[in-house]
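Colleague: Please take a close look at one loop for me, and then follow what surrounds it step by step. I am still learning the vocabulary, and a short explanation of each term would help.

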Amino acid sequence: MHSIQNDEFVLVIDHPLIKHKLTQIRKKETGTNEFRKIVNEIGGLMVYEITRDLELENIDIETPVAPMTAEQLSGEKLVICPILRAGLGMVDGILQMLPSAKVGHIGMYRDEETLKPVEYFAKFPNKIEERLVIVVDPMLATGGSAVSAIDMVKKRGAKNIKFVCLVAAPEGVSELRKQHPDVPIYIAALDERLNEKGYIIPGLGDCGDRIFGTK
Ligand code: PRP
Ligand code: URA
């Protein structure tokens, strides 16, 4: 039994627009084109909440009518790190809201028998230790992929990390909280459970296949 509470480390962003869009991609009849578009849109909508605590600095500017002290984002540009493949589906939507962000890539797939993650690629921008690193994957199932991906970015020095997903199983949230208690988790929908094959129920099926039209 996994009882998940919304707190400063687990945030279910249950906005009506997000709920509506999630319903569209959960439907089995939704095709690749629509699915891909909506995954990106939800990624973009989640950005408001994910970036709520970004730091600002004051700068002196002049508007057409008066000088003023205004605010702008401070520090190094943040990094979006999708877990391939499905994480790629959210990147464009997030970049629309954060066009200056850097992008790192984490190549990882879940072995279908063992459900353990297998790494195959990693590439990150420099100064990762000074940046907010947002690890992105639409699905948090057993939590194995997210835990390994965050291990990878921590090994390279990242200290300020957030994890963002669309649909999570309570099992995955518990595992990620246990292994990386310092990493806040942002979720669009917290579902019921995993089935015996490690799929989220009710979920939306195999997200990578639905985004890329494979299968
Ligand atoms: C899916 C999903 C996550 C992982 C979640 O990827 O996108 O990365 O499974 O499962 P977990 O929490 O049990 O690790 P998949 O392995 O299907 O690879 P793909 O994105 O390349 O399709
Ligand atoms: N990966 C997916 O794409 N879907 C699930 O339900 C679980 C893991």
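Modeller: Pro-202 is found in the loop between strand E13 (200-201) and helix H6, where helices (H or I, at least four residues) and strands (E, at least two) are DSSP runs numbered from the N terminus. This is a predicted model, in which local features need pLDDT of at least 70 and side-chain atom pairs count only at pLDDT 80 or more, while totals for chains, interfaces and linings use all residues. Residues are numbered from 1 along each chain as its sequence is written, chains are lettered from A and ligands numbered from 1 in the order in which they are written, and side-chain values use heavy atoms, with hydrogens and water left out.

The peptide bond between Ile-201 and Pro-202 is cis, with omega at about 0°. Residues of this stretch of chain also take part in the surroundings of ligand 2, which include Gly-198, Tyr-199, Ile-200, Gly-205, Asp-206 and Cys-207, together with Arg-110, Met-139 and Ala-141; a residue is counted here if one of its heavy atoms lies within 4 Å of the molecule.

Several backbone atoms here make polar contacts with ligand 2, a polar contact being a pair of N or O atoms within 3.5 Å (within protein, one must be able to donate a hydrogen and the other to accept it, and residues adjacent in sequence count only if both atoms are side-chain atoms). An oxygen atom of ligand 2 lies 2.8 Å from a backbone N or O atom of Ile-200, and an oxygen atom of the ligand is likewise 2.8 Å from a polar backbone atom of Cys-207, whereas the partner of a polar backbone atom of Gly-205 is a nitrogen atom of ligand 2, again at 2.8 Å. Ligand 2 would expose 240 Å² if taken alone, and the protein buries 88% of that; such areas come from the Shrake-Rupley method with a 1.4 Å probe, and for residues only the protein chains shown count as cover.

Ligand 2 sits in the largest pocket. A pocket is an open set of points, on a 1 Å grid over the protein atoms alone, with protein on both sides within 12 Å along at least five of seven lines, and a molecule sits in it if more than half of its atoms lie within 2 Å of its grid points. Ligand 1 also sits in the largest pocket, and Arg-110, which belongs to the surroundings of ligand 2, is among the closest of the 14 residues around ligand 1, along with Asp-137, Thr-142, Gly-143 and Ser-145. Strand E6 (105-110), strand E9 (139-140) and helix H4 (144-155) each supply at least two residues of that shell.

Oxygen atoms of ligand 1 lie 2.6 Å from an N or O atom in the side chain of Ser-145, 2.8 Å from a polar backbone atom of Gly-143 and 3.0 Å from a polar backbone atom of Ala-86. Taken alone, ligand 1 exposes 500 Å², of which the protein buries 90%.

Next to Ala-86 in the numbering comes a second cis peptide bond, which joins Leu-84 and Arg-85 with omega at about -5°; Arg-85 has its place in the loop between E4 and H3. In helix H3 (residues 88-97), Gly-89, Met-90, Val-91, Gly-93 and Ile-94 are buried, where buried means under 20% relative accessible area, exposed over 50%, and partly exposed in between (1.4 Å probe, protein chains only). These buried residues pack against several elements, including helix H2 (32-50), strand E4 (79-84), strand E8 (132-136) and helix H6 (207-212), and H6 brings us back to the helix that follows the loop of Pro-202.

Leu-132 lies in strand E8, and it is buried, with a relative accessible area of 7%. Leaving out residues up to four places away in sequence, Leu-132 touches Leu-54, Leu-78, Val-79, Asn-160 and Lys-162, a contact meaning heavy atoms within 4.5 Å.

Beyond H6, in the segment after that helix, is Lys-215, which has a positive phi of about 110° although it is not a glycine. At 87% relative accessibility, Lys-215 counts as exposed, in contrast to Leu-132, which is buried.

Technical notes
1 Å grid on protein atoms, 1.4 Å probe; cavity = no way out; pocket = protein on both sides within 12 Å on 5 of 7 lines; lining within 4 Å.
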